[in-house]
Amino acid sequence: MVELDHPFSNGKPTDYNWEAILDLDRVIPCVEGGSVLERTAPDSAKAEIKVKMGAMSMRFTGTVTVSERDEAARRAVLQVKSREAGGQGYANADVTFTLDDGGGKIHTAAQITGKAASMGEGVVVSVLDALIKDFTEKLEAI
């Protein structure tokens, strides 16, 4: 299990950010290589992400679901469950957003197996860290 914490700020009101992170059509493409394949429910979508790890490129497909939502605390959890296309591995994560005025914090708890995990924890952490940092920059624009 890899756990990472990232602050983000975009200067936007909490209500705006709350709507944005709960809108899967807006938030999933903020992840580098991420796209929505199909909306399956108001709080769930089929999605894919293409990830480059060193010399390897991998594609993961799965679901992103809003699994927890606490409107009063402005805290939401997006649950990601995905499998590596053509491989044995998977990448699952709980991404917790805690919002405050102008931004907030993102806590990511990820479990990764297969080819991606065989690259070593250091590589996994640096790729995830870069993905999340890029995501926080894109959050500023949504």
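This is a short walk through the structure, from its sheet to its helices and its core. The model is predicted.

Start with the sheet. Seven strands form it, and it is open. Their order is β1-β7-β6-β5-β4-β3-β2, with antiparallel pairing. At the edges sit β1 (2-9) and β2 (34-41), each of which pairs on one side only. From one strand to the next, the twist averages 25 degrees.

Now look at one pair of strands. β5 (residues 75-84) and β6 (residues 90-100) run antiparallel, joined by nine bridges. Within this pair, V77 stands opposite T96 in β6.

Two helices lie across strands of the sheet. Helix α1 (residues 14-22) lies across β1, β4 (56-70), β5, β6 and β7 (103-112). Its direction is at about 165 degrees to β6. Helix α4 lies across β1, β3 (44-53), β6 and β7. It runs at about 20 degrees to β1.

Follow α4 along its length. This helix covers residues 121-139, 19 residues in total. It reaches 26 Å from its first C-alpha to its last, close to the 27 Å expected. Its buried residues include V124, V127, L128, L131 and F135. An α-helix has 3.6 residues a turn, so residues three or four places apart point the same way.

That leads to the core. The largest nonpolar core has 38 residues. Its largest share, seven residues, comes from α4. Which residues have the most contacts inside this core? They are I21, L24, F97 and L139. Take I21 as an example. Leaving aside residues up to four places away in sequence, I21 touches V27, A76, L78, F97, L99 and L139.

Note on methods:
Residues are numbered from 1 along each chain as its sequence is written. This is a predicted model: local features need pLDDT of at least 70, side-chain atom pairs count only at pLDDT 80 or more; totals for chains, interfaces and linings use all residues. Side-chain values use heavy atoms; hydrogens and water are left out. Helices (H or I, at least four residues) and strands (E, at least two) are DSSP runs, numbered from the N terminus. The expected span of a helix is 1.5 Å times one less than its number of residues. Buried means under 20% relative accessible area, exposed over 50%, partly exposed in between (1.4 Å probe, protein chains only). A nonpolar core is a set of buried Ala, Val, Leu, Ile, Met, Phe, Trp, Tyr and Cys residues joined through side-chain atoms within 4.5 Å. Contact means heavy atoms within 4.5 Å. Two strands pair if DSSP finds at least two bridges between them. Axes are lines fitted to C-alpha atoms, for helices over the stretch in contact, and angles run from 0 to 180 degrees between N-to-C directions.
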